[in-house]
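Hi everyone, thanks for coming. I'd like to take a few minutes to walk you through the inside of a protein model. Let me put it up on the screen.

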Amino acid sequence: MSFRPMADRENIFFTFFLLLFFFLRIYKIGTHDLWYDEVATVGYAQYPWSNWNAPLYWIVLHFWIKLFAVSEFTLRLPSALFSFLSLIIIFLLGKELFNKKTGIIASVIMGLSPFHLWYAQEARDYSMVLFLGLLSNWLFYKTLRKSNFKLWIAFVLVSLAGIYTNYFYIFLFISQGAYILFFEKLNFRIIISFLLLASGFVLYLSRFLSKFYFVWQGFWIPRPQWKSLIITLENFILGYSGFDFLYGITNVLTGLFFTSAIAAVCTKAGLRKNFALCLFLFFIPVICVLFFSRIFFSIYLDRGLIIFSPYFYLILSLGIFFLKQKVKVVLLTILIAIFLVADYGYFKDWMFMPLEHHLGTYIKKPVKPVVEFLKDNLAPQDILAFTNESTIPSLRFYSQGRRYPSFYYFFDPKFPDSSWLRPIQEDSYNIPFYKVNNLKFKRLWVISSDWGRSGNLDENSQAVKNWLDKNLRLELVKEFEGLWIFRYSK
């Protein structure tokens, strides 16, 4: 990118927003303790070649933490940087596909979305694969127009990096191939490029098949319903920080912007091919993941679909661009105001919606104070137990190898439902709560959590607590911002 002085109002406006986006991604990034998946990230980064996940992110993090050590801030900083760079690439892609203003609007939507703020501040691979997917598609578009050999090589290398960062990239690869079949003429260079991508992934195929088989046997993700698509679109805009009223307004605005985009494409033939590229890169992967999850086994999670979200924003941005000036200003002002409310909610840990709106995601809990409390109060004859497994890795991580008394995880055998293919198995650490009386202990410490900021335990945890309240004597209740400690005795 050649440097040009920011002289006109449009560039000054965009530069201001880029600075704001960078600030939002860094602000309070190290505040929350590491949660379940982030603790797993530390382990993967220490031995990046020894697990069945796509390895590139863990390899990058492996050398990153050798330079900067392990802390909440350093672990999450690469995600923030990849997320910020993605905002520049979506601007470039929007500019190439449509025009400069559409690129700016798309960058603003993605930059202010609490959904992207969430994963910009989480030590996982989502922001990295988002960046690589955008960069790949920017190169993909330019190579189709210019057919430059160096651009093709860059496209192949970036796409391989994407596949080796997150397996959801495969659906993006499929969408690129579908677009070529419908809208481009096959040539030798295209065929060789896609063969190189396919053969490059074969090197890691055995690890991929191992994970595929594990998930195939049954995983915790419930099968998606058709309304899951609406929830996904809502989350792409407002993340997990909204509430019914805000989601309702954004649904109306989304409908208006999408209708405006369709109307513009119908009247301007020159837009159709590039608009179709955005449709292919967004709808084909999301629909493929949905149908795969309904027919075979579920892999449908909004955070996994993040790689496809930029093309949704580009469609909405095109619709906004073609609105009448006064209408555009009013609706953009409303949209930005909604974003600011939701961003405020993100930094204030709002999470009001039901679990189906934030599957596999919850407010990060303050584990360090719990560790200190247990360190001062747990006795050798006591038992430490959990009503769900979400806090166990974090507690072990911050305990730094401290050996606890007997350690159990209770579950309600009725909790796994028909959408789960593999029920939770009982073992020496994972027992039904009604077998508590078989255990020998002086005091039983039970750790539970809510999944948002509701103050209510999840269904399983509440069932466990109800039974314990009836059969044991409750001696102490202590809360740490959504983490609960209950102490019982016989």
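One term before we start: when I say contact, I mean heavy atoms within 4.5 Å. And please keep in mind that this is a predicted model.

With that cut-off, let's pick up Tyr-311. Setting aside neighbours within four places in sequence, Tyr-311 is in contact with Leu-93, Gly-133, Leu-134, Asn-137, Leu-172, Cys-278, Leu-281 and Phe-282.

Tyr-311 also belongs to a bigger story, the largest nonpolar core, which has 142 residues. Tyr-311 is among the residues with the most contacts inside that core, together with Ile-109, Phe-308, Leu-374, Leu-395 and Ile-447. Which helix gives this core its largest share? That would be helix 7, residues 126-146, with 13 residues. Apart from this core lies another, of 19 residues, including Ile-383, Phe-433, Val-464 and Leu-472.

Ile-447 comes up again if we move to Thr-391. Thr-391 sits in the loop between strand 1 (383-386) and helix 18 (392-399). Is Thr-391 buried or exposed? At a relative accessible area of 7%, Thr-391 is buried, because buried means under 20%. Not counting residues up to four places away in sequence, Thr-391 touches Phe-386, Ile-447 and Leu-483.

Now, cysteines. How many disulfides does a search of the whole structure find? Zero. Let's look at two of the cysteines and ask why. The sulfur of Cys-266 has its closest cysteine sulfur in Cys-278, 15 Å away, so the gap is too far for a bond. Cys-288 tells a similar tale: the closest cysteine sulfur is again in Cys-278, at 17 Å, and that is too far as well. For comparison, the cut-off for a disulfide is sulfur atoms within 2.5 Å. As for their surroundings, Cys-266 counts as exposed at 52% relative accessibility, whereas Cys-288 is partly exposed at 31%.

Last stop, the empty spaces. The count comes to three cavities of 30 Å³ or more, and the largest has a volume of about 150 Å³. What lines the largest cavity? The lining is made of Lys-28, Ile-29, His-32, Arg-76, Trp-118, Gln-121, Tyr-346, Phe-347, Asp-349, Ile-363 and Lys-364. By type, these lining residues divide into five nonpolar, two polar and four charged.

That's my tour. Thanks for listening, and I'm happy to go back to any of these spots on the screen.

How values were computed. Residues numbered from 1 in each chain as written. Predicted model: local features only at pLDDT ≥ 70, side-chain atom pairs only at ≥ 80, totals over all residues. Heavy atoms only, no water. Core = buried A, V, L, I, M, F, W, Y, C linked by side-chain atoms within 4.5 Å. Buried < 20%, exposed > 50% of the residue type's maximum accessible area, 1.4 Å probe, protein only. Helix = DSSP H or I, 4+ residues; strand = E, 2+ residues; numbered from the N terminus. 1 Å grid on protein atoms, 1.4 Å probe; cavity = no way out; pocket = protein on both sides within 12 Å on 5 of 7 lines; lining within 4 Å. Points joined across faces, edges and corners; volume = space filled by probe spheres on them. Nonpolar A, V, L, I, M, F, W, Y, C, P; charged D, E, K, R; others polar.
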